[in-house]
Each structure stands twice: as structure tokens, then as C-alpha cells.
Amino acid sequence: MHKLLLSLCLIFLAVSANAEIIEKEGIPTAIMDQIYKKHPNALDFTAEKKAHFSQELLKVRYKEGEDKFVDYYRLDGHFFVSGLIIAADDMMFTDSKEKLKAAFNEYHVKQAVLVVNPNGAGEEFDLVLETAGKEWNVMIDKKGNIEKTEKE
């Protein structure tokens, strides 16, 4: 199961960065219905199409209360993976910051997403870091270890 989650997170990380912003009205009704079932008070929707290894995904961001979420759906409306946008300082793994500093020297966390395994087997973090003028997608696994890929 962990391999499946790791694969999903890597897919989540490797999604292309260049995309057109889609407002709420452009998000398919089937996807909106799924989100409203889980988050009936969701607001502030935006979406963008992302390509990953020839697989087109729709990345949907929204808020419910003070929480910010990001969900990925296949273009046919099937759910792919979900996460909660968090402050970088909320990372659970105390040694993660030391490992990031060792791997990247100086960096700035632009975005942090908590990805929770839907089967309850653990949590992982998806980060977008900026260092030396480049952006990196970084995954921190449930043990606090770092996997990294350079953002395209």
C-alpha cells in the first residue's frame, strides 16, 4: 500500500507547472458535486489543467472555513488524490527542516500540502521549494525522508 501512496505522491509532484486558471464556472459539475459532498461549505474555487506522463489532470483548489484544499481529478471526473494546504512550519517531522537544509542549503517553501493516505496508513508532505532561482517539487515521506524532482 505504501508503494501505491508513494506512486500517487510522485505523480502529484511531477505534474507540470504551466497551466491556465479555470474559474468555478469552468469546473465540471461532476467534480463540483464530489467536492460539495465532502465539503458542503467550500468556497473560492480555482482549477487548472495539469499534464503528467500524458495523463491530463484537473487540479482544483478551494477553501472551507480557514482550511485550504487541493484535489486532483482525472478529466473524466474521477477522483485522483487530495491534500490540505498548510503552513510550512506545520510540518510534522522535526528533522525534515534539517534534511531540507542539507539537501538544498538555502531554500524558501512556496507551498506545502499535506497528503493523507485515504486508507489511513500515514501522511506525506508535498512541497514547492525555491532555491538558487529554481523551483523543486519535494516529497517528504511519513518517515521524514526526502524525495525530490526538479519542476519543469
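In this predicted model, E135 and K110 pair up in a salt bridge, with their closest N and O atoms just 2.4 Å apart. E135 sits in strand β8, which covers residues 134-140, and K110 sits in strand β6, which covers residues 108-116, so this pair ties together parts of the chain that are 25 residues apart in sequence. As for how much of each residue is open to the outside, E135 comes out as partly exposed, at 24% relative accessibility. K110 is partly exposed as well, with a relative accessible area of 44%. The general idea behind such pairs is simple: side chains of opposite charge can pair when their charged atoms come close.

How many salt bridges turn up in the model by this rule? The count comes to four. Another of them joins the side chains of D71 and K38, with an N to O distance of 3.8 Å. That still makes the grade, because the cut-off for a salt bridge is 4 Å. Here a strand meets a helix: D71 belongs to strand β4 (residues 67-74), while K38 belongs to helix α2 (residues 29-38), so the bridge ties together parts 33 residues apart in sequence. Is D71 buried or exposed? With 0% relative accessibility, D71 counts as buried, because anything under 20% falls in that class. Its partner K38 is partly exposed, the relative accessible area being 44%.

D44 and K63 also meet through their side chains in a salt bridge, this time at 3.5 Å from N to O. Distant parts of the chain are linked by this pair too, with D44 in strand β2 (residues 43-52), K63 in strand β3 (residues 55-64), and their positions 19 residues apart in sequence. D44 has a relative accessible area of 52% and is therefore exposed, since the exposed class takes in values over 50%. K63, on the other hand, is partly exposed, with a relative accessible area of 30%.

Strand β2 also holds E48. At 7% relative accessibility, E48 counts as buried, whereas D44, from that strand too, is exposed at 52%. What joins the side chains of E48 and R61? The link is a polar contact of 3.2 Å.

Note on methods:
Residues numbered from 1 in each chain as written. Predicted model: local features only at pLDDT ≥ 70, side-chain atom pairs only at ≥ 80, totals over all residues. Heavy atoms only, no water. Helix = DSSP H or I, 4+ residues; strand = E, 2+ residues; numbered from the N terminus. Buried < 20%, exposed > 50% of the residue type's maximum accessible area, 1.4 Å probe, protein only. Polar contact = N/O pair within 3.5 Å; in protein donor to acceptor, adjacent residues only side chain to side chain.
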